[in-house]
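Open the structure in your viewer and keep the selection tool at hand. The stops below say what to pick next and what is there.

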Amino acid sequence: MNAPLPGTRPQAANIPLQRARPEATGIRLEQVSKRFRGGVLAVDRVDLDVRPGEFVVLVGPSGCGKSTLLRMIAGLEAVSGGRIWLGDQDVTSRLPQERDVAMVFQSYALYPRMTVRRNLGFGLRMRHTGRPERNRRVAEVAEVLGLEHLLDRRPAALSGGQRQRVAMGRAIVREPKAFLMDEPLSNLDAKLRVSMRAQLSRLHQRLGTTTVYVTHDQVEAMTLGQRVAVLRDGVLQQCDTPQHLFRHPVNLFVAAFIGSPSMNFVAASVSGGAAHFADLRVPLPAGSSLATADRQVILGIRPTGFGVAESNGWPTLRAVPDVVEELGDERNLIIDINAPRVDTDATRAAVAARTADDALLLPEEKARFTVRVPGDHPVSIGEPLDLAVNPERLYFFDPETGQTLR
Amino acid sequence: MRHGRARFITGFLALPVVLYLYYVVAPFGQSVYFSFTSWRGFSDEKPFVGLDNYVRLFRDELVRKAFWHNVFFLVAVPVSTIALALFLAFLLNVGGQGNRAGIRGVRGSSVYKVIFFFPQLLSLVLVAILWQALYRGDDQGLINGLLMKLHVISRDEPLKFVSDPTPFLGVPAVLWWLLLIAIWGGTGFYMVLFSAAMQSIPRDIYEAALLDGASRVASFVRVTLPLLRDTVSVAWVYLGFIALDFYALVFVMTPSQGGPNHASEIFASQINFNAFNSGRYGYACALAVALTIFALLLAALQLRVIRRDRIEF
C-alpha cells in the first residue's frame, strides 16, 4: 500500500534514507474510555495495539471519538477508564510533555511569532538540546521537507502546504516515540492533499516511526494506513489492513463506510442456496454458511461487484440508469432497484459521514444502486441495460444486529 | 442624489462639530494663549509675557518634583499592573492543576475573574472612601486597628500610609501607598483584557507547546506572551495616560491635595494649585500645555516602538 503515489515532490524522493528506527515504540490501548463532563461517552472501551513502526489510521464519521482517542494518547485529554502504554511504559497518567510523542494538528498550530527555523527548533530547545545539534537537525529536516528557503519566514508568510510541511517538520525534528496526526491534510486543496499523502507515506517508510493518524476521509485512511481502525460512536468496529477491511467488513457500518462509492444495500431473502431480491435469484458462493438457511438478510454489493452481462453465467439484472457519472476510464451509473431500501442506523451513519447530498439521492422507498462500469461500455440515461451480478462479491448482514453473515 | 447626500451628512454633523469646536477645541486654544500671559483669572487684563511662564516652569522646584512623581507613576503603574494582570490571566486561563491532562485555569477561575474585576465597577469616590477606611491612622483604621489588636504595632505609632513622606527606594512612601490603590483598581480590568486576548489564541498552539516539552511557564513566556504583545502595548498606553493624570487619587486621598509637605505633588495637582489656589491662571495653563506636549511625545514614542504586524493563526 505504500507504493509511491503520483504527484510526489521530488525533494522528498531524492533524500537518502534518514534514520531507520529499529527501536520504534508500539502503542497499546487497553479498554480505554472517555466520558466527558455531562456524561457523554466519547470513547468506549477501545482496545488497540499499534505495533512498533506501524502506521495505523483511525477513521470514522465526525463525533465518533477518533480525535478524542488521539488526544488521550497525546495526554491532552484525561483518560476516564483503561490504560495507555507507550512501549512497556504505562503513560496513562503522564503529562503530555513527559510522553515524548509529537502531534500534527489540523490547524498546524505553528507559533505565529516564530520563524520557521524557531518553530522547528522549539521542541529541541525545550528539551535542552545544544545549539549546534539543534541547528544540524533543523537543517536536516528542512532539507527533507524542502523548507530550506523558508527557514527565516514567519508562518503567516507561508502557503497552506508549506505550513503543513513545517508542522510535519516540527514533529519529525524531535525524533519522538510516535507521531500523532489529527487530520493534518484536511485544510489542503484536493490536489495538494494527494501529493502530501504520498509524501507522508514516503516519510513513514524512511523514518519508521510509529504513527497514529486520524481522518474522516476513508480514501485517505485506505491509502495511508498499514492498518485502519474504524470507529463508530466511540466503539472500535474493526481494525485491519485496508484490503481486509474492504473485502471482509465485520458489519454493515464498516461495509457502508469503507469503499467509494459506498456499498449498495438491499433487503433480500435467502433460501434454497440462493439470495432473492428484485425478482433476481443469485446463487450463494460455494461454502457459504447461509447455504441451508431460510431467512431475511441485508444484501450488500459493491459498485464494482457488477459486470456488463456476458456469457459468464452470472445472473443478470435489467436496469435503467437514472444518472450517469463520467469518470473517464469508468462510469458510475445510478439505478433504481425494485426492492425495499435498507435504512438502518449503520447505513445512515456511514452515508451521513460522506456527504449530506448522498442521503438526498436515496429515494423514499426503493433501493437505489450505484454501479461502476468500464468507460468504453456504451450507456445512456433512460436506456435499459443488463448488469450481471458477481455471486462471489455478495455480502450478507443480519438485519437485526448488522453483523456480517459469512 | 450625491449632492443631497452631502447635505444630509452635513446636516447631522454640523451641530456636533460646532459644539466640539466651541467646547473642546477653543478652550485648548485659549489655554495655549493664556499660557503666554500672566492672567490671574479674575481680571480682564491678560498681560502678555511671552515664554516667561515656560522658563519659570523649568526652574520651579515643586513642578520638577511633581514631574518626577509623574514619571514614577508612569513607570510603576503600567509595569506593576500589567505584570500582575498577566500573572493572574495566566493562572486563570492556563495555570490549572499540573497533574491532569489538557489545559485549564485554576479551579473556580470564573469566580476569581468576577472578584478581580469588581473594583472596576466602583466609582472613584467609593474607592477613595474604602481606602480611606483602610488607611486610617488610628485604631479605627482597618489595617492599623487590626495590627494594633494583634500588637504588631503600638497604639502610639500607627502606620501613616498616605501621610507618610518618608522616602522608600528614593520615592516618598505616600506614592507607594497610592500606587497600591491604582494597582488594586486597575488590575482586574487588564486581567480580563488579557484573558480575552489569551482565549482568542487557538488552544492548539498551547497544546503544541506542551507536546514540544514546554512547561506551563515556558509556554507562557515563549508562546503566549509574544502573542499578547499588541494587547499589552494597548494596555501600556491606557495605563500611561492614567499615570499622567492620577489627579483624583491624589486629590481625595492625600493631605492638602499633594501633601504631606508636597510629598505626593504631581503635575495635575500643581496645575490645580496654581490655577485655583494661587490665582496664577497663566502659569497653570503653561503647565497644562507642557503636560500635553509630554503626553504627545510619549504617545509618538509608543507608536514608533510598537511595530505593528498582523498575526495570523
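How many bridges join β3(A) to strand β8 (residues 210-215) of chain A, and do they run parallel or antiparallel? Select both strands: five bridges link them, and they run parallel. This is a predicted model, so treat every stop as part of a prediction.

**Stop 1: strand β3 of chain A**

Stay on β3(A), residues 55-59. Five of its five residues are buried, so the strand is mostly covered. Colour its two faces separately. Phe55(A), Val57(A) and Val59(A) lie on one side. Val56(A) and Leu58(A) lie on the other. Both faces are covered.

Now pick Val57(A). Opposite this residue, in β8(A), stands Tyr213(A). Next, add strand β9, residues 227-232 of chain A. Four bridges join β9 to β3(A), and this pair is parallel too. Here Leu58(A) faces Ala229(A) across the pairing.

**Stop 2: helix α5 of chain A**

Select residues 160-173 of chain A. Put a distance between the end C-alpha atoms of this helix: the value is 20 Å. At 1.5 Å a residue, its 14 residues should span 20 Å, which agrees.

Is the helix enclosed or open? Of the 14 residues of α5(A), 11 are buried, so the rest of the structure largely encloses this helix. Among the buried residues are Arg163(A), Val166(A), Met168(A) and Ile172(A). Show what lies over them. The cover includes β6 (101-104), α3 (116-126) and α4 (131-144) of chain A. It also includes β7 (178-182) and α6 (190-207) of chain A.

Then step past the helix. Glu175(A) follows α5(A), and its phi is positive, near 50°.

**Stop 3: an open sheet in chain A**

Select β17, β18 and β19 of chain A. These three strands form an open sheet in that order, with antiparallel pairing. The edge strands are β17 (321-326) and β19 (366-374), each pairing on one side only. From one strand to the next, the twist averages 25°.

Zoom in on β18(A), residues 330-340. Nine bridges join β18 to β19(A). For one facing pair, pick Arg331(A): Val373(A) in β19(A) stands opposite.

**Stop 4: where the chains meet**

Show chain A and chain B together. The contact takes 21 residues from chain A and 20 residues from chain B. On the chain A side, β6 and α3 each supply at least two residues. By class, that side has 14 nonpolar, four polar and three charged residues.

**Stop 5: a residue in chain B**

Move to helix α3 of chain B, residues 61-94, and select Arg64(B) there. Arg64(B) has 13 other C-beta atoms within 10 Å, so it is partly exposed. Add Ser123(B), 59 residues away along the chain. The two C-alpha atoms are separated by 31 Å.

**Last stop: confidence**

Colour by pLDDT. Chain A has a mean of 85, and 90% of its residues reach 70 or more. Over residues 1-20 of chain A the pLDDT is below 50, and this stretch has 34 contacts beyond near neighbours in sequence. Residues 355-361 of chain A also stay under 50, with four contacts beyond four places in sequence. For chain B the mean is 84, and 94% of residues reach 70 or more. For the complex, the predictor gives an ipTM of 0.80 and a pTM of 0.78.

Note on methods:
Residues numbered from 1 in each chain as written. Chains lettered and ligands numbered in written order. Predicted model: local features only at pLDDT ≥ 70, side-chain atom pairs only at ≥ 80, totals over all residues. Buried ≥ 20, exposed ≤ 12 C-beta atoms within 10 Å, placed from the backbone. pLDDT = per-residue confidence, 0-100. Contact = placed C-beta atoms within 7 Å. Expected span 1.5 Å × (residues − 1). Nonpolar A, V, L, I, M, F, W, Y, C, P; charged D, E, K, R; others polar. Pairing = 2+ DSSP bridges. Axes fitted to C-alpha atoms, helices over the stretch in contact; angles between N-to-C directions.
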